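Colleague: I'd like to learn how to read a model like this one, feature by feature. Could you walk me through it?

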Amino acid sequence: MRTLADFFLRHSAWFMFLLLAGVSLFMLLRGNPYQQAVFMTSAGRLTSGVYSTANSVTGYFYLRSINDDLQQRLADLELENISLRRRLQRLDEQVFADSVAPDSALMPFEFIIARVINNSVTRPNNFITLDRGYLDGIEPEMGVVDQNGIVGIVNVVGPHTSRIISMLNSDLRLSCKVKGSDAFGSLVWDGRSPRQATLEELPRHVEFSPGDTIITSGYSVVFPEGIPVGTIVEQLRDADDNFYSLRIDLLTDFAQLSTVRVIRNFMKDEIQTTETDAVNTSGKF
C-alpha cells in the first residue's frame with residue numbers, strides 16, 4: 001500500500017494535469033454543440049482506425065488456416081480433374097472396345113497437406129524440409145506439388161519430418177511433355193536461375209511454340225499425368241539432330257514456398273512389383 005502511495009506522490013503533477021485536462025475538455029464540450037460534433041467525428045475516426053488495425057492483425061493470423069483450407073480445396077479439385085480425365089480416357093477406349101470395364105470412381109491418388117519448414121534455392125543441389133513424416137503417411141518417392149506446379153520428390157522420411165529433392169537439384173530428372181503431345185523428354189535444372197529449367201531429349205517431330213505449357217508425362221508412379229510444370233521460353237542450340245532442348249519457365253516460385261501437397265499413389269507398389277517381375281522373368285516362358 002505504501003508503494004502505491006509513493007507512486008501517486010511521485011507522479012502527482014501528471015495526475016493533476018490529466019484531471020485538469022479532463023475537466024477543461026468536459027467544460028468545453030458541455031455548452032458548445034460545434035465542439036461536441038467535432039469531438040464525436042474525431043473520436044469516430046480514431047475508433048474506426050483502431051478497429052481496422054485490429055482486424056488487419058487478426059486477419060494476418062488467420063491467413064495460415066485460410067491457406068490450408070484453400071490448399072485442401074485445390075487438392076480436391078485436382079483429384080476431381082484427374083478422375084474426369086481418366087473417365088474420358090475410358091469412354092474413348094469403350095468406343096473401340098465394348099469389353100473395357102468402366103472406370104471406378106475411386107482414384108489411386110490422394111494428397112497430404114504439408115508445410116515447408118526449410119528450403120534452399122541458391123545451391124547446386126537444393127533440398128526442402130516438410131513438417132510431415134511417416135506417421136502422417138509420407139513415404140520415399142512421393143511427388144510434391146504446390147498450387148502452381150511441381151516442387152520435388154520425397155527421398156528421406158522421419159517420424160514427423162521429411163526431406164524433398166527439390167526440382168532445383170541437378171540430380172533430379174522429371175519426365176515431361178508438351179501439352180497436347182505424347183512425346184516426352186527429361187526436365188532438369190541447370191543450376192542457373194531458380195525460375196527456369198531445361199527440357200532435354202524432346203523428339204524433333206514434336207511441334208511447339210513459345211508459351212506452350214509443359215506438363216508431367218505420367219510415365220512414372222510419382223506424378224499423375226497432366227500436372228503443370230512450366231512454359232516454353234525458347235529452343236536451345238543442340239548438337240544432336242534428333243532431339244530438341246528447350247528453355248522452360250517454371251511455374252513454381254521456389255523462393256516463396258509455404259504450403260505444399262504430397263501425392264500418394266496407392267498403386268505404386270503394385271506397379272513397381274509388376275515391372276520388377278517382368279524384368280526378372282523376361283525371356284523365361
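**Reading the model, one feature at a time**

Modeller: Let's start with a single residue: E201 sits in strand β8. Keep in mind that this is a predicted model.

Colleague: What is there to notice about the phi of E201?

Modeller: Its sign. Phi of E201 is near 60°, which is a positive value in a residue that isn't glycine. As for accessibility, E201 comes out at 44%, so it counts as partly exposed, given that this class runs between the 20% and 50% cut-offs.

Colleague: Which other residue has a positive phi, near 70°?

Modeller: That's E141, again a residue other than glycine. E141 lies in the loop between β2 (125–130) and β3 (143–145). Its relative accessible area is 42%, so E141 is partly exposed.

Colleague: Let me zoom out. How many helices and strands does the protein chain have?

Modeller: There are 4 helices and 12 strands. The chain runs to 285 residues, and 32% of them count as buried. For a feel of how the chain folds back on itself, take the contacts between residues at least 6 apart in sequence: 58% of those join residues at least 24 apart.

Colleague: On to the core, then. Which residues touch the most other members of the largest nonpolar core?

Modeller: The general idea is to look for buried nonpolar residues linked through their side chains. Here that core holds 49 residues, and L187, F223 and V262 touch the most other members. Strand β1 (residues 109–119) gives the most to it, with 5 residues.

Colleague: And what does L187 touch?

Modeller: Skipping residues up to four places away in sequence, its partners include M167, L172, A197, V229, I248 and L250. R173, L174, T198 and L199 are also among the residues L187 touches.

Colleague: What about S186: buried or exposed?

Modeller: Buried, because its relative accessibility is 17% and the cut-off is under 20%. S186 is found in strand β7 (residues 184–188). Leaving out neighbours within four places, S186 is in contact with R173, L174, T198, L199, E200 and E201. So there's our E201 again, on the contact list of S186.

Colleague: How many aromatic pairs are there, and how do I read one?

Modeller: A pair of aromatic rings is described by the distance of the centres and the angle of the planes. A search of the whole structure turns up 2 pairs. One is F184 with Y219, edge-to-face, at 5.0 Å centre to centre and 75° between the planes. F184 belongs to strand β7 while Y219 is in the loop between β9 (213–216) and β10 (228–236), so this pair ties together parts that are 35 residues apart in sequence. F184 is partly exposed, with a relative accessible area of 41%.

Colleague: And what is the geometry of F208 and Y244?

Modeller: Edge-to-face, with 5.0 Å between centres and 85° between the planes. F208 lies in the loop between β8 (196–203) and β9, and Y244 in strand β11 (residues 243–250), so the pair ties together parts 36 residues apart in sequence. Y244 counts as buried, because its relative accessibility is 14%.

Colleague: Last one: where do I look for the second largest pocket, and how much space lies in it?

Modeller: Start from the residues nearest its centre: E78, N81, I227, P228 and R261, out of 15 lining residues. About 180 Å³ of space lies inside. Helix α3 (residues 33–96) supplies the largest share of the lining, 5 residues. By type, the lining divides into 5 nonpolar, 5 polar and 5 charged residues.

Notes: Residues are numbered from 1 along each chain as its sequence is written. This is a predicted model: local features need pLDDT of at least 70, side-chain atom pairs count only at pLDDT 80 or more; totals for chains, interfaces and linings use all residues. Side-chain values use heavy atoms; hydrogens and water are left out. A nonpolar core is a set of buried Ala, Val, Leu, Ile, Met, Phe, Trp, Tyr and Cys residues joined through side-chain atoms within 4.5 Å. Buried means under 20% relative accessible area, exposed over 50%, partly exposed in between (1.4 Å probe, protein chains only). Helices (H or I, at least four residues) and strands (E, at least two) are DSSP runs, numbered from the N terminus. Contact means heavy atoms within 4.5 Å. On a 1 Å grid over the protein atoms alone, a cavity is a set of points where a 1.4 Å probe fits but cannot get out, and a pocket is an open set with protein on both sides within 12 Å along at least five of seven lines; lining residues have an atom within 4 Å of a point. Grid points are joined across faces, edges and corners, and a volume is the space filled by probe spheres set on the points. Ala, Val, Leu, Ile, Met, Phe, Trp, Tyr, Cys and Pro count as nonpolar, Asp, Glu, Lys and Arg as charged, and the others, Gly among them, as polar. Rings of Phe, Tyr and Trp (its six-membered ring) pair if their centres lie within 6.5 Å; planes under 30 degrees apart count as stacked, over 60 as edge-to-face and the rest as tilted.
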